[in-house]
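Colleague: Please pick a single part of this predicted model and walk me through it slowly. I am new to this, so a friendly tour with the structure open would help a lot.

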Amino acid sequence: MSQLPLELPQRPALGRGDFLVAPANESAVAWIDRWPQWPAVALALVGPSGSGKSHLAEVWLDLSGASVVTPADLVRSSPDRLVRRSRAVLLEDAEERLDGEGQEALLHLYNLLAEGGGHLLLTARRAPKRWPLDLPDLASRLATATVAELGPPDDALLQAVLVKLFADRQLQVTAELIEFLQRRMPRSFAAARGIVAAIDRRALAERRGITIAVARAALANELESLEAPED
């Protein structure tokens, strides 16, 4: 009888040497490597969920020693205090939950960084010009941000990401299994992350190794859940 595996948090490797560079992301990597010689105050890393935005932002944190804030932090904490801690600030998921008060705080933070020669790194699904901003002054400033897009992976990158996701969980897999998954799964980093987690859970529950049979069953369940209509 299979047992329900205990869900333990997985800590991915997020160093610069762990970031996989490919045509889909090489422009964004180049912009991060150019810091602090950015042409604008703000740089926006833009791409779908799981495309590597947070990993690349972690690389920039190591380079810059930046402070990390969330949209909620902008309202709770004074922008002046944030800038006093560091002249570089990372704001992840920047387009989420930016209400009127949050937009005012972001404008103030942007102005303080601009005046002090600092920088702001934003991560988001869409470029700032497509955000639903109600504050014209903020919209005009963010329109000057450099936009670095992270696109969907090609075959080679998707296979490399799968290998890395298994390695983050200390799991060794064959090249045959990686190719099996790459040919059948959706072409996205988010899908890769979910599928690897599902395979790991099934292997633990069944007390088996990571085989193609285990992968096939986990992949089928994961694809079925992705296709299931929402209530």
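**A close look at one strand**

Modeller: Let's start with one pair of residues: L91 has L122, in strand β4, as its bridge partner. Find those two in the predicted model, and then look at the strands around them. L91 belongs to strand β3, which covers residues 88-91, and this strand is the part we will follow.

On one side of our story is β4, made of residues 119-124. Four bridges link β3 with β4, and the two strands pair in the parallel sense. How does the chain get from β3 to β4? Look for helix α5, residues 100-115: together with β3 and β4, α5 makes a β-α-β unit, and that unit is right-handed.

Strand β3 also pairs with strand β2, residues 67-69. This pairing is parallel too, over three bridges. To find a landmark here, look for V68, which stands opposite L90 of β3.

Now turn to the side chains of β3. Which of its residues point one way, and which the other? A88 and L90 go one way, while V89 and L91 go the other. There is a general pattern to compare with this: in a regular strand, side chains alternate between the two faces of the sheet. Are these β3 residues buried or exposed? All of them, A88, V89, L90 and L91, are buried, with buried meaning under 20% relative accessible area.

To put the picture together, β3 pairs with β2 and also with β4, and its residues are buried whichever way they point.

How values were computed
Residues numbered from 1 in each chain as written. Predicted model: local features only at pLDDT ≥ 70, side-chain atom pairs only at ≥ 80, totals over all residues. Heavy atoms only, no water. Buried < 20%, exposed > 50% of the residue type's maximum accessible area, 1.4 Å probe, protein only. Pairing = 2+ DSSP bridges. Right-handed = clockwise from strand over helix to strand, strands pointing away.
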